[in-house]
Amino acid sequence: MNEHLAPTPVLPVPTLMAFGMHNPGFLRAGVWPVSPLVHPRIVRFMEQLPHEYKRGKTLFRERIRRAGLPEPVASPAEPENFLAVLEKGLRSYGLPVLDDMLKESVLVDLGYVDGQALAQARKGAEAAPTVPDLLCDALALEVGLRSLM
């Protein structure tokens, strides 16, 4: 059953998903994306650091302080939060793509997503205060797959 599976990636899955969403657009524009902070050696180095250096991005914040930047830059009082922007984008642009997916979808055609469940989730997303994260993941994957065709 578990034969011929891809090896477990060194990079975290959210990082791989971000690459999957953004890199096709960069490559079409002739830009070769380079992300030095997710090089496998850097990832392994960060995983091996003591927890106190990783907690709260301590290592990065200390580096910012040593570079001479002010404390509000090194450790802002309120962390950045893009949830409102994400929600607006999902409602304005994501749900219309989801409507297209209900008509024709790579993920549904390949059997990875149940079309009826997707239609039900679409109905629920319209009335919900926030668009469910799972729909965002499906949309991102669908758009990425379409960009390769």
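In this predicted model, Glu142 touches Met101, Glu104, Ser105, Val106 and Leu107, leaving aside residues up to four places away in sequence. One of these neighbours gets a polar handshake: the side chains of Glu142 and Ser105 make a polar contact at 2.8 Å. Glu142 itself sits in helix H9, which covers residues 133–147. Is Glu142 buried or exposed? With a relative accessibility of 0%, Glu142 counts as buried, because the cut-off for that label is anything under 20%.

Zooming out, the protein chain turns out to hold 9 helices and 0 strands. Read from the N terminus, its elements simply go α-α-α-α-α-α-α-α-α. The radius of gyration of the protein chain comes to 19 Å, well over the 15 Å that the globule rule gives for 149 residues, so the chain is more spread out than a compact globule. Along the principal axes, the C-alpha atoms fill a box of roughly 55 × 40 × 35 Å.

As for burial across the whole protein chain, 19% of the 149 residues count as buried, and Glu142 is one of the residues with that label. The chain exposes about 11,700 Å², and 63% of that area is supplied by carbon and sulfur atoms. Contacts were also sorted by how far apart the partners lie in sequence: among those between residues at least 6 apart, 54% join residues at least 24 apart.

Charge rounds off the picture. The protein chain carries 16 positive and 17 negative charges, and the mean positions of the two sets are 8 Å apart.

Terms used: Residues are numbered from 1 along each chain as its sequence is written. This is a predicted model: local features need pLDDT of at least 70, side-chain atom pairs count only at pLDDT 80 or more; totals for chains, interfaces and linings use all residues. Side-chain values use heavy atoms; hydrogens and water are left out. Helices (H or I, at least four residues) and strands (E, at least two) are DSSP runs, numbered from the N terminus. The radius of gyration is taken over C-alpha atoms; the globule rule is 2.2 Å times the number of residues to the power 0.38. Buried means under 20% relative accessible area, exposed over 50%, partly exposed in between (1.4 Å probe, protein chains only). Contact means heavy atoms within 4.5 Å. Accessible areas come from the Shrake-Rupley method with a 1.4 Å probe; for residues, only the protein chains shown count as cover. Lys and Arg count as positive and Asp and Glu as negative; His and the chain ends are not counted. The place of a charge is taken as NZ of Lys, CZ of Arg, CG of Asp or CD of Glu. A polar contact is a pair of N or O atoms within 3.5 Å; within protein, one must be able to donate a hydrogen and the other to accept it, and residues adjacent in sequence count only if both atoms are side-chain atoms.
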